[in-house]
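Open the model in your viewer and keep the selection box handy. Could you walk me through it, helix by helix, and tell me what to select at each stop?

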Amino acid sequence: MPPRTIADAEGRAALQAVTDGVTDRASVATAVRWTLQRLAEDVPGNSVEVRVPPYAAVQAVPGPRHTRGTPPNVVETDATTWLALATGQLRWDDPTTGPRVSASGSRADLAPFLPVRLL
């Protein structure tokens, strides 16, 4: 079963709520999933897996498709860091980002795709 598509209005509302300080699991989950969905829509591909446990993971970025085992290009971070990156509150190349993001593989640099286009 494919994941549910989050409507832009619902995603924007959740992201605004989290930005305003709401911390309930449902709002954070919707904000994370929607921003990951937007990334995957704007930068379609299967060469990088972007993970924000425990909420969601997407494949994005054009390039070689990965089909089995651990993907060679993985970006993983927590929800707070991901939302800061997705909204431009934190830059990919900011020195404080490094310890908060695990990025492995030659295609795992998301700088060209951040912040996410949130319409």
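Start by selecting helices α1 and α2, whose axes lie 8 Å apart and pack at an angle of about 125°. The two helices are therefore oblique to each other, and α1 passes α2 in a left-handed crossing. Keep in mind throughout that this is a predicted model.

Now show side chains where these helices touch. On the α1 side, pick D8, E10, G11, R12, A14, L15 and V18; the residues they meet in α2 are S27, V28, T30, A31, W34, T35 and R38. Colour this contact by residue class and you will get six nonpolar, four polar and four charged residues.

While you are on α1, which spans residues 8-19, click on Q16, another residue of this helix. Is Q16 buried or partly exposed? It counts as partly exposed, because its relative accessibility is 44% and the buried class stops under 20%. If you like checking distances, draw a line from the C-alpha atom of Q16 to that of L39: they are 23 residues apart along the chain and separated by 17 Å.

**Along α2**

Next, select α2 alone, residues 25-42. Its 18 residues should span 26 Å at 1.5 Å a residue, and the C-alpha atoms at its ends are indeed 26 Å apart, so the expected and modelled lengths agree. Colour by accessibility and look for the buried positions: S27, V28, A29, T30, A31, V32, W34, T35, L36, Q37, R38 and L39. What do these buried residues pack against? Bring up α1, β1 (48-52), β2 (56-60) and α3, and you have the elements they pack against.

T35 deserves its own click in α2. With a relative accessibility of 0%, T35 counts as buried. Which residues does T35 contact, once its neighbours within four places in sequence are left aside? Light up L15, W82, L83, A86, V116 and L118 to see them.

Now move to D42, also in helix α2. In contrast to the buried T35, D42 is partly exposed, with a relative accessible area of 28%. For another distance check, connect the C-alpha atoms of D42 and A103; these residues are 61 apart along the chain, and the atoms are separated by 20 Å.

**On to α3**

Keep α2 displayed and add helix α3, residues 79-87. The axes of α2 and α3 come within 10 Å and cross at roughly 45°. These helices are therefore oblique to each other, and α2 passes α3 in a left-handed crossing.

Show the side chains between them. V28, A31, V32, T35, L36 and L39 come from α2, and they meet A79, W82, L83 and A86 of α3. By class, this contact has nine nonpolar residues, one polar and no charged ones. Notice that V28, A31 and T35 are among the α2 residues meeting α3, and that V28, A31 and T35 are also among those meeting α1. As you rotate the view, recall that an α-helix has 3.6 residues a turn, so residues three or four places apart point the same way.

Then hide α2 and look at α3 by itself. How many of its nine residues are buried? Seven are, so the helix is mostly covered. To see them, select A79, T81, W82, L83, A84, L85 and A86. Their packing partners are α1, α2, β1, β3 and β4.

**Backbone stops**

Finish with the backbone. Most residues other than glycine have a negative phi, and most peptide bonds are trans. The next three stops depart from that pattern.

Zoom in on P53 and P54, which are joined by a cis peptide bond with omega about 0°. P54 sits in the loop between β1 and β2.

Then go to L114 and P115, where you will find another cis peptide bond, this one with omega about -5°. P115 belongs to the segment after β4 (101-104).

Last, select V61, in the loop between β2 and β3 (74-77). V61 is not a glycine, yet its phi is positive, at about 75°. Is V61 buried or exposed? With a relative accessible area of 6%, V61 is buried.

How values were computed
Residues are numbered from 1 along each chain as its sequence is written. This is a predicted model: local features need pLDDT of at least 70, side-chain atom pairs count only at pLDDT 80 or more; totals for chains, interfaces and linings use all residues. Side-chain values use heavy atoms; hydrogens and water are left out. Axes are lines fitted to C-alpha atoms, for helices over the stretch in contact, and angles run from 0 to 180 degrees between N-to-C directions. Helices (H or I, at least four residues) and strands (E, at least two) are DSSP runs, numbered from the N terminus. Angles under 35 degrees count as roughly parallel, over 145 as roughly antiparallel, 65 to 115 as roughly perpendicular and the rest as oblique. A crossing is left-handed if the near helix is turned anticlockwise from the far one by less than a right angle, and right-handed if clockwise. Contact means heavy atoms within 4.5 Å. Ala, Val, Leu, Ile, Met, Phe, Trp, Tyr, Cys and Pro count as nonpolar, Asp, Glu, Lys and Arg as charged, and the others, Gly among them, as polar. The expected span of a helix is 1.5 Å times one less than its number of residues. Buried means under 20% relative accessible area, exposed over 50%, partly exposed in between (1.4 Å probe, protein chains only).
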